[in-house]
2 protein chains.
Amino acid sequence: MTSAGTQPAPGRRDRKKRRTRAALAEAALRLVAERGLAQVTVEEISEAVDVSPRTFFNYFACKDDALVGDQVEDAKRVVARLAAVPPEVPVLTALRTALDEVIDEVRAERELWCLRMEVVARNPALLPRLLAGNTEMERAIVEVVAARVGVDADHGYPALVTAVTGAALRTAMTRWAAQPERPDLADLVDEAFAAIAAGLPQPQGS
Amino acid sequence: MTSAGTQPAPGRRDRKKRRTRAALAEAALRLVAERGLAQVTVEEISEAVDVSPRTFFNYFACKDDALVGDQVEDAKRVVARLAAVPPEVPVLTALRTALDEVIDEVRAERELWCLRMEVVARNPALLPRLLAGNTEMERAIVEVVAARVGVDADHGYPALVTAVTGAALRTAMTRWAAQPERPDLADLVDEAFAAIAAGLPQPQGS
DNA sequence: ATAAAACATTGCAGAAACTGCAAGTTCGCT
DNA sequence: AGCGAACTTGCAGTTTCTGCAATGTTTTAT
């Protein structure tokens, strides 16, 4: 059985864990979207999923973590994708490519992400924790970039490019969530990257 | 009385408040730098300054706020400075000028800022709250930038430039704190801005 | 100088976030 | 079936943070 796939084996237990985690995250988002962050307790969230509050904290270190999702998982995939891009490709392009991981993720769970961005918009303190603001994952990307460009550690370039890229992604996602028509996130990200590659020229006239 | 200066009147009360606030911030930083964030309680911080824990929360909304300093005050000055730059100056240059406010602030309280950056480096969760990560102040800057460039709200440019600028400042400050020789922060910021204005060209050879 | 208003500090009571520990259950594997 | 590992849960306890009411201290007006 389970003779297919490169993954070891999902297993009933893992599936249950994933479901519980997802259910907690979704319940948290829905409740907070309705009532506001301060008006929702961990107890209510766990209640909605029918687990004990203690279990909630087995899944998330704090209440906010249930809202922002799992950046670490995404980050790892971004790093992997980045490392897979051939070295002759310029860094900015490579980073843009790596972000396809994130874009696909958002596309796959569109509604969840809409909710999330709505909650984040109403609670700005969460924004930085969403993506590429927390240093945990940034550090990993900085290393890959540094290796790619081939500069030593005290050169500011890798950190700068990484931070700027993160900023681009953040603004693209914020904008994406704000527009009612929900344009393609990839287009917004492309636009931002183009502007950056051009040195952020002031938009004349248009 | 108090016929000098543009400010209304400092007043003994205000001075005392400022001193208490500064003392709490400094005590918090020193203690956390020594023992680590989790090993320091609000009670200990207040104890060190000889005020009640309740008073601590009259000054800071949460423990972390005592560590990251008052971004709002700085932000207002940045916005004011930005608005004061003549409109014909390109946005990036204007933003760079406005950041002199921050740079001066850091220079004025060098040691405190070193401590702060050390603490932040060890507690990455604090980084975003330090500067230009929280949306409160970013929003204000975005508005000024938008007015400067003359584009409507759904144009991504103002938000992008603001976020990228914030990223540049953040990396410059992180780098500044990491270097043992403590080079001039202004130089690091200049370097970052130059790289951005040039479209983040990959550093060849050097 | 003195009274009144304004504001700061504090203690207390309490809600909620979070953690470690010691069960109890479920699951995966043989 | 049965053993061990992993997940869940309750409980007790610490810490963060808030509202309220009492008590000062500074400022302002008289």
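This briefing describes how two protein chains and two DNA strands are arranged in a predicted model. Local features are described here where pLDDT is at least 70, side-chain atom pairs count only at pLDDT 80 or more, and totals for chains, interfaces and linings use all residues. Residues are numbered from 1 along each chain as its sequence is written, while chains are lettered from A and ligands numbered from 1 in the order in which they are written.

**Confidence in chain A**

- The mean pLDDT of chain A (pLDDT being the predictor's confidence in each residue, from 0 to 100) is 91, and 93% of its residues reach 70 or more.
- Over residues 1–6 of chain A the pLDDT is below 50, and this stretch has one contact beyond near neighbours in sequence; two residues are in contact if their C-beta atoms, placed from the backbone, lie within 7 Å.

**Two packed helices in chain A**

- Helix α1(A), residues 11–35, packs with helix α2(A), residues 42–49, at an angle of about 125 degrees, and their axes are 9 Å apart.
- Helices (H or I, at least four residues) are DSSP runs, numbered from the N terminus, and axes are lines fitted to C-alpha atoms over the stretch in contact, with angles running from 0 to 180 degrees between N-to-C directions.
- The two helices, α1(A) and α2(A), are therefore oblique to each other, since angles under 35 degrees count as roughly parallel, over 145 as roughly antiparallel, 65 to 115 as roughly perpendicular and the rest as oblique.
- On the α1(A) side, the residues that meet α2(A) are T20(A), A23(A), L24(A), A27(A), A28(A) and L31(A), and their partners in α2(A) are E44(A), I45(A), A48(A) and V49(A).
- The residues of this contact divide into eight nonpolar, one polar and one charged, where Ala, Val, Leu, Ile, Met, Phe, Trp, Tyr, Cys and Pro count as nonpolar, Asp, Glu, Lys and Arg as charged, and the others, Gly among them, as polar.

**Where the chains meet**

- In chain B, 41 residues are in contact with 41 residues of chain A.
- The largest share of the side of chain B that touches chain A, 13 residues, comes from α11(B), and that side divides into 25 nonpolar, 11 polar and five charged residues.

**Around the DNA**

- Of the 21 residues around DNA strand C (a residue is near a strand if its C-beta atom, placed from the backbone, lies within 6 Å of it), R13(A), C62(A), V51(B), S52(B) and T55(B) come nearest.
- The largest share of the surface near DNA strand C, four residues, comes from α1(A), and that surface has six nonpolar, six polar and nine charged residues.
- Of the 19 residues around DNA strand D, V51(A), S52(A), T55(A), R12(B) and C62(B) come nearest.
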